[in-house]
Amino acid sequence: MGKKYLVLLLVLLLVGAVVPVSAQGKSVTVSWTQEPDNLTPMYTTMTFAGYTNGLLFATAWDYDENYNPVPVLLTEVPSPENGGISEDGTTFTFRLKEGMLWSDGDPLDSADFKFTYDMYMSDQNTPLTRAPFDQFASVEAPDPTTFIIKFDQPYAPWVGTLNYKVLPEHILRPIFEEVGTLDGAEFHRQPTVSSGPYVLAEYSPGSFMRFTANPNFVLGVPKIETLVVTFIPDDQAYVASLLAGDTDLATFFPASEVQALRDAGVDVRLIASGYNEGLFFNVSPERGHPALQDVNVRKAIAMAFDRFSISEDLNYGVLPPGSSFWEQTPYENPDLEPVPFDLEQAAALLDEAGWTDSDGDGIRDKDGVKLELRFAATTRQIRQDMQALAQQWFGEIGVGVIIQNYESNVFFNGYAEGGPVATGDYDIATWSSNPNFPDPDTVRFQCDQVPSDENPAGDNWNYFCDPELDKLFEQQRVTTDYNQRVEIFHQIDQMLYDQYVWVNTWYDADLWGVGPKLQNVRLNGITPFFDVVNWDVSE
Amino acid sequence: MAQYIIRRLLQAIPLLFLISVILFVLMQSSGDPLATLGGREPPRAEDRIRLKRQWGLDQPVLVQYVYWLVGNDWVVTDPATGETGTRKGVLRGDFGNSFVTRQPALKVIADRLPNTLILMLTAEVVIIIMSLTIGVVSAVKQYSLLDTVLTAFSFITYSVPVFLMALILMYIFAVNFRKWGLPYFPISGMFDPAKGRTFQEVAWHLVLPVLTIALISIAGYSRYIRSTMLEVINSDYIRTARAKGLSERRTLFVHAFKNASLPIVTLIGLDLPFLLAGAVVTETIYAWPGMGQLFINHLTRSDFPVLMGILMMISVAVVVFQLLTDLAYTWLDPRIRYT
């Protein structure tokens with residue numbers, strides 16, 4: 001039997017060797033580590049799904065590699081000068097290009113924009129988020145090329161939010177009317193039309209999606225006829241596939257593999273995604289450690305945390321330490337530097353704050369309370385390594401660390417579900433977070449977002465409240481002037497930095513690998529396919 | 001016999017009911033489906049609250065279980081509009097919609113089940129053939145060099161962790177064979193999208209994953225077969241058969257092997273239902289779109305409808321295969337009778 005098995009193997013080897021490679025036009029393979037959970041934008045917040053459905057759903061405008069808005073379905077990006085934004089900043093008028101078509105030849109017009117709004121807001125549908133639609137006061141589609149969105153007050157974050165992906169009314173309205181909801185529609189798995197650069201030709205769940213160029217795409221027909229997206233969940237296999245040339249574009253591979261990939265001719269790029277890994281301090285007087293009420297204690301902890309060696313040793317020197325919640329974006333305050341590593345100064349700050357080792361057990365205390373901090377993180381390896389290192393560094397200045405790890409679905413649970421961070425059951429926590437990227441706004445540090453039994457939905461898991469900071473956040477929210485808004489954010493950034501409630505550990509850019517075959521690739525961290533029509537392959 | 005089968009099936013009903021209750025309750029503590037929703041950041045609080053209401057997760061566990069079991073199309077779920085629910089419940093074949101893909105849970109499972117069966121049944125056949133060969137040969141040639149070598153080989157492969165085995169095979173036969181200009185096996189997937197899902201393509205992509213699963217599993221069965229074969233070969237009736245002049249082949253394969261296979265059938269019967277669950281590690285490394293990967297993906301999202309679907313499917317399979325195993329005994333050993 002063993003012999004027969006060997007023979008079978010050999011036969012298979014030979015068969016495989018003679019199978020011809022089909023060559024139908026230009027083709028590239030993009031690989032993700034996760035399969036998109038859903039292709040309809042309304043039903044997913046997954047990063048890879050967002051990248052992928054960018055191939056199928058066009059937006060009013062997109063971003064270039066520097067995150068400047070560039071028009072797609074509109075003739076130009078709205079501004080006060082072209083009348084697209086009203087003087088009071090409450091009304092946005094979209095002027096659509098004439099004669100746009102869905103891939104099936106049906107017209108794409110303002111009715112689709114309005115339909116999309118209606119679908120998000122209908123209680124019969126369960127979209128994962130209703131942002132930004134639930135902030136609109138009203139929408140209007142007075143003619144096929146005009147679409148108007150009105151707000152009750154000036155709406156500053158429009159660049160990053162109003163360019164939503166538009167759904168095809170002619171396909172989805174009949175389904176909605178017949179079934180009463182879009183929730184279970186087959187369209188989410190097998191979209192039959194596209195307004196983006198590609199059309200879905202074949203989907204093999206768990207394996208791949210094959211896309212072909214959309215002849216009706218408003219920015220032109222892509223040079224690459226076939227784009228295949230494959231799913232390779234294992235990191236090693238993922239990298240092997242990029243090394244072997246099976247994959248031409250990949251992202252989210254481990255930093256440890258960057259050198260090997262560069263050696264193999266893969267162009268590895270750091271692309272800003274808005275994310276930064278940082279330390280969150282719990283400053284709740286009731287839930288957090290009393291020592292963290294003192295900003296100098298927080299500063300001491302931040303200084304005892306060696307973000308430089310973390311970058312070098314845990315991130316292979318690929319991801320640098322940062323200083324801002326808005327690292328590598330225009331909103332980052334350029335005067336800020338990463339918090340230095342200085343154990344001596346950290347110890348001095350703790351002495352000054354009255355935390356000394358009075359009982360000689362190696363851990364500082366004050367008024368009978370030991371300076372032992374609960375350090376919470378998910379189970380991701382690099383975070384566990386950071387916790388272990390922190391235990392060592394903090395130990396050197398007499399600060400005890402109690403390590404807490406949770407599966408990420410538990411870690412990120414909200415207050416009502418008893419999530420450990422949301423309920424303040426921690427003193428320091430680390431995770432990678434972002435503002436409403438590419439918009440700089442965030443509710444993370446706002447007083448009215450402090451969670452409680454009365455406000456279980458609060459997102460301020462630091463339990464931090466500073467009325468001055470709140471004022472600045474409110475002010476930027478109604479500032480539609482770009483430069484003024486940037487200036488406000490520089491102030492906010494400085495205040496956050498001085499308060500040590502959130503401290504940047506590293507600039508958590510996305511790593512993208514572009515294989516040697518792919519040419520002319522420009523990328524951004526939100527919509528990597530924004531310029532896919534101009535991509536090419538070398539023969 | 002028919003009465004026996006019916007009795008066993010009826011007995012399974014309360015058992016499956018109990019299993020479903022326990023699993024459903026356990027699911028509640030396995031995480032919150034609204035915690036991440038697959039995004040990099042937790043969802044907005046107002047969306048979390050809305051979805052909790054829309055998905056019925058704000059109901060008590062008992063109510064959620066009842067809706068899961070018998071549906072909620074007989075109760076008013078929205079007092080404001082007087083609308084009733086839309087779910088039919090498991091007893092009417094509706095496992096609910098996946099929180100992740102929004103497709104019916106059974107459809108999500110049905111997409112993956114055939115892929116897993118292709119992988120796991122092929123692997124199981126290879127495992128059985130290889131372990132039978134090794135087990136019988138090393139029993140018949142006890143303490144020979146061949147016995148030692150085969151035993152050593154099966155134990156070495158048995159001791160290697162599955163992820164390492166998969167990576168070693170991938171490194172040799174996919175990465176290095178390619179480097180050396182030899183015909184190489186694919187790294188991932190079930191078939192090449194450019195070539196389509198042909199028999200040839202799938203067979204080609206099957207080789208490494210099947211080999212991985214087979215290599216780490218043959219030791220288990222082959223040791224059983226070796227020991228039961230040894231026991232039977234040395235029994236009186238085999239000596240009698242030989243004394244009566246039966247050929248060695250007939251003695252071994254008709255008289256010895258059939259009786260020796262009883263414990264193996266038990267083992268296989270116990271293992272078969274779990275083939276449906278797929279091979280989590282192997283499927284993940286080779287990107288094989290099967291049930292193992294599906295289960296892990298949906299577990300990290302706490303997608304109860306799909307998870308319950310998979311677990312209940314396996315529970316039913318365990319019950320059914322247990323029954324089939326018991327029935328197989330009557331064929332293998334005429335002394336066993338069920339009434």
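**Group meeting: notes on chains A and B**

I'll begin with a serine, A:S110, found in helix α3 of chain A, which covers residues 110-121. Before going on: this is a predicted model, and the values I quote are computed from it.

Is A:S110 buried or exposed? A:S110 has a relative accessible area of 2%, so this serine is buried. The side chain has a polar atom 3.5 Å from the backbone oxygen of A:T146. Leaving aside residues up to four places away in sequence, A:S110 touches A:L96, A:A141, A:D143, A:P144, A:T145, A:T146 and A:F147. So A:T146 appears in that list of contacts and also supplies the backbone oxygen I just mentioned.

Staying in chain A, there are two cis peptide bonds to go through. One runs from A:A131 to A:P132, with omega near 0 degrees. A:P132 sits in the loop between α3 and β5, where β5 is residues 138-143. That loop follows on from the helix that holds A:S110.

The other runs from A:F437 to A:P438, with omega near 5 degrees. Here the proline is in the loop between β17, residues 428-433, and α13, residues 467-477.

A:P438 also turns up in the surroundings of a glycine. What does A:G160 touch, if residues up to four places away in sequence are not counted? The contacts are A:Y63, A:P438 and A:D439. A:G160 itself lies in helix α4, residues 158-161. For a distance to check on screen, take A:G160 and A:W61: their C-alpha atoms are 9.7 Å apart in space, with the two positions 99 residues apart in sequence.

One backbone angle in chain A deserves a line. A:Y67 is not a glycine, yet has a positive phi of about 65 degrees. This tyrosine is in the loop between β2, residues 61-63, and β3, residues 69-71.

Next, a helix pair in chain A. Helix α8 is residues 295-303 and helix α10 is residues 343-352; their axes come within 8 Å and cross at roughly 160 degrees. How are the two helices oriented to each other? The crossing angle is over 145 degrees, and therefore α8(A) and α10(A) are roughly antiparallel. The crossing of α8(A) past α10(A) is left-handed.

As for which residues meet, α8(A) contributes A:N296, A:V297, A:K299, A:A300 and A:M303, and α10(A) contributes A:Q345, A:A346, A:L349 and A:L350. Sorted by class, this contact has 6 nonpolar, 2 polar and 1 charged residues.

Now chain B. Overall, chain B has 13 helices and 2 strands. Its C-alpha atoms fill a box of roughly 85 × 65 × 35 Å along the principal axes. Of the 339 residues in chain B, 50% are buried. Considering contacts in chain B with a separation of 6 or more, 65% are between residues 24 or more positions apart.

A single residue to finish: B:R102. This arginine has a positive phi of about 70 degrees, although it is not a glycine. Where is B:R102 found? The position is in the loop between β2, residues 83-84, and α4, residues 105-140, of chain B. B:R102 counts as buried because its relative accessible area, 3%, falls under the 20% cut-off.

To recap the backbone items: cis bonds lead into A:P132 and A:P438, and positive phi values occur at A:Y67 and B:R102.

Definitions and conventions. Residues are numbered from 1 along each chain as its sequence is written. Chains are lettered from A and ligands numbered from 1 in the order in which they are written. This is a predicted model: local features need pLDDT of at least 70, side-chain atom pairs count only at pLDDT 80 or more; totals for chains, interfaces and linings use all residues. Side-chain values use heavy atoms; hydrogens and water are left out. Axes are lines fitted to C-alpha atoms, for helices over the stretch in contact, and angles run from 0 to 180 degrees between N-to-C directions. Helices (H or I, at least four residues) and strands (E, at least two) are DSSP runs, numbered from the N terminus. Angles under 35 degrees count as roughly parallel, over 145 as roughly antiparallel, 65 to 115 as roughly perpendicular and the rest as oblique. A crossing is left-handed if the near helix is turned anticlockwise from the far one by less than a right angle, and right-handed if clockwise. Contact means heavy atoms within 4.5 Å. Ala, Val, Leu, Ile, Met, Phe, Trp, Tyr, Cys and Pro count as nonpolar, Asp, Glu, Lys and Arg as charged, and the others, Gly among them, as polar. Buried means under 20% relative accessible area, exposed over 50%, partly exposed in between (1.4 Å probe, protein chains only). A polar contact is a pair of N or O atoms within 3.5 Å; within protein, one must be able to donate a hydrogen and the other to accept it, and residues adjacent in sequence count only if both atoms are side-chain atoms.
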